[in-house]
Amino acid sequence: MKLQLALDDLALDDALKLTEKVQDYIDIIEIGTPFVYQEGMRAVKTFKERFPEKEILADMKIMDAGYYESEEALKVGADYVTVLGVTDNLTIKGCIDAAEKYGKEIVVDMICAPDLPRRIRELENLGAHSLAVHVGTDQQAAGRKPIDDLRVMAEHCKAAKISVAGGISADTTPEYAALKPEVLIVGSGITHAKNPVKAAKEIKKSMEECK
Ligand SMILES: O=C(CO)[C@H](O)[C@H](O)COP(=O)(O)O
């Protein structure tokens with residue numbers, strides 16, 4: 001199980017400093033969607049250069065122009081690019097083709113996707129590498145959590161790897177880790193923690209206890 005640190009609402013220098021501090025506990029560095037809006041592909045390139053031993057995910061949440069947009073991140077060093085599961089299969093296929101050209105992978109973000117079992121089947125048939133259960137920031141504010149969708153994903157996913165995101169913290173990691181997703185994604189649970197190093201260390205420890 002890998003820990004993915006989502007960097008969403010930090011400036012580039014602050015994000016680099018925070019990542020230095022927690023790097024021992026994380027496997028994948030996510031350049032979050034707001035960070036992509038703020039810094040563009042410069043952030044992907046900078047993080048790949050500063051942390052060459054880590055995997056980098058560009059959370060682009062692509063909705064159209066799948067091949068072209070994913071290649072923007074892949075050519076500057078992204079190991080993973082996200083596309084939205086609600087979009088057209090042609091867009092998802094474009095992202096998969098671009099990723100495979102670079103020997104990298106696509107993560108399909110299932111935020112707001114209706115009928116999960118059916119969509120999981122379709123996406124696996126398309127050859128999606130990973131599917132991400134995701135309760136977004138606005139949904140979290142309305143009290144939603146990703147645990148039920150993660151159960152559905154764990155039951156129906158046969159070939160793709162599973163990621164999960166949506167307000168996960170050190171306190172809630174054990175219940176998510178128990179379902180053994182391949183990747184646990186944590187943003188504010190580390191970046192907004194009083195002590196980010198302590199939070200990252202606790203999260204990684206809980207994950208290891210579930211191996
Ligand atoms: O993709 C995102 C928001 O759209 C976040 O990166 C993801 O939800 C993880 O952050 P948090 O743990 O704070 O929910």
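**Ligand shell and helix packing**

Visitor: How many nonpolar, polar and charged residues does the shell around the ligand have?
Guide: A residue belongs here if its C-beta atom, placed from the backbone, lies within 6 Å of the ligand. For the classes, Ala, Val, Leu, Ile, Met, Phe, Trp, Tyr, Cys and Pro are nonpolar, Asp, Glu, Lys and Arg are charged, and the others, including Gly, are polar. The shell around the ligand then has five nonpolar, nine polar and two charged residues.

Visitor: Which pLDDT do local features need in this model?
Guide: Happily, numbering is simple: residues count from 1 along each chain as its sequence is written. The model is predicted, so totals for chains, interfaces and linings use all residues, side-chain atom pairs count only at pLDDT 80 or more, and local features need pLDDT of at least 70.

Visitor: Which strand and helix each supply at least two residues of that shell?
Guide: Helices (H or I, at least four residues) and strands (E, at least two) are DSSP runs, numbered from the N terminus. Among the closest of the 16 residues surrounding the ligand are Gly-187 and Ser-188. The elements asked for are strand E8 (183-186) and helix H10 (188-191).

Visitor: How are H5 and H6 placed to each other?
Guide: Axes are lines fitted to C-alpha atoms over the stretch in contact, and angles run from 0 to 180 degrees between N-to-C directions. Helix H5 (residues 89-101) and helix H6 (residues 116-126) pack at about 40 degrees, with axes 10 Å apart. Angles under 35 degrees count as roughly parallel, over 145 as roughly antiparallel, 65 to 115 as roughly perpendicular, and the rest as oblique. H5 and H6 are therefore oblique.

Visitor: Which residues of H6 make the contact with H5?
Guide: Two residues are in contact if their C-beta atoms, placed from the backbone, lie within 7 Å. From H5 come Asn-89, Ile-92, Lys-93 and Ile-96, and from H6 come Glu-122, Leu-123 and Leu-126.

Visitor: How far apart are the axes of H4 and H5?
Guide: Two packed helices are described by the angle between their axes and the distance between the axes. Helix H4 (residues 66-74) packs on H5 at an angle of about 35 degrees, and their axes are apart by 7 Å.

Visitor: Is Cys-112 buried or exposed?
Guide: Cys-112 sits in the loop between strand E5 (105-109) and H6, with a positive phi near 65 degrees. A residue is buried with 20 or more other C-beta atoms within 10 Å of its own, exposed with 12 or fewer, and partly exposed in between; C-beta atoms are placed from the backbone. Cys-112 has 12, so this residue is exposed.
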